[in-house]
Amino acid sequence: MAQEVVFGSAGPVDRTGLAADVVRRMGHVSAALRHRQDSGFAELGLTPASARALHELDPDRPSPARDLAERLGCDRSNVTALVDKLEQAGLVERRTDPTDRRQKTLVVTGQGRSVRDRVAEVMSDSRLLAGLTDDELGTLRDLVWKVSDGGCPEPCGPE
């Protein structure tokens, strides 16, 4: 593959090498974020998978396990094990659906709401970005949106 050279403000730049360096550094940032999140989830007594499952449940709207499996993009049998763990921890209850008694719904308990809020805090922990100015943070956000929207299964725009 031919090396692409572009001209930046400081002269010629090896675009392929620059892009490869950016990808490697993004991987390091991703790994650091994952490590912090995993540690935070462990402090809550959760695995990353069970934390994500709890986070995906709407505390104001009971839903069947199949809906959770769809949101997590996994098999329903995997969700059963996750829900078992959440139920044993007192964070979720299985209840009979009042509109269809043959079906069970997942209901987030009061304790589950509290832990879910803490999971959301762990997932939003931005300490890695503390060294950036407001302008740098805004630029980084814009650049991440620009490169991430092409690979996201759903829209990744501003919340």
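**Notebook: pocket and cavity linings**

I classed the lining of the second largest pocket and recorded 4 nonpolar, 2 polar and 4 charged residues. The model I worked from is a predicted one.

Entry 1, the second largest pocket. I looked up its volume and noted about 190 Å³. I then listed the residues lining this pocket: P64, A65, R66, R76, T80, V83, R94, Q103, K104 and L106. Next I asked which elements give two or more residues to this lining. I found two helices, α3 (65–72) and α4 (76–88), together with the strand β4 (100–108). Among the lining residues I marked the charged R66, R76, R94 and K104. The polar ones in my list are T80 and Q103. P64, A65, V83 and L106 I entered as nonpolar.

Entry 2, enclosed space. How many cavities of 30 Å³ or more does the structure hold? I recorded 1. For the largest cavity I noted about 30 Å³ of space. Its lining, as I listed it, consists of L33, R36, Q37, V122, M123 and D125. I traced the elements that give two or more residues to this lining and found α1 (15–43) and α5 (110–123). The largest share, 3 residues, I assigned to α1.

Entry 3, character of the cavity lining. I counted by class and entered 3 nonpolar, 1 polar and 2 charged residues for the largest cavity. I wrote down L33, V122 and M123 as nonpolar, Q37 as polar, and R36 and D125 as charged.

Conventions: Residues are numbered from 1 along each chain as its sequence is written. This is a predicted model: local features need pLDDT of at least 70, side-chain atom pairs count only at pLDDT 80 or more; totals for chains, interfaces and linings use all residues. Side-chain values use heavy atoms; hydrogens and water are left out. On a 1 Å grid over the protein atoms alone, a cavity is a set of points where a 1.4 Å probe fits but cannot get out, and a pocket is an open set with protein on both sides within 12 Å along at least five of seven lines; lining residues have an atom within 4 Å of a point. Grid points are joined across faces, edges and corners, and a volume is the space filled by probe spheres set on the points. Helices (H or I, at least four residues) and strands (E, at least two) are DSSP runs, numbered from the N terminus.
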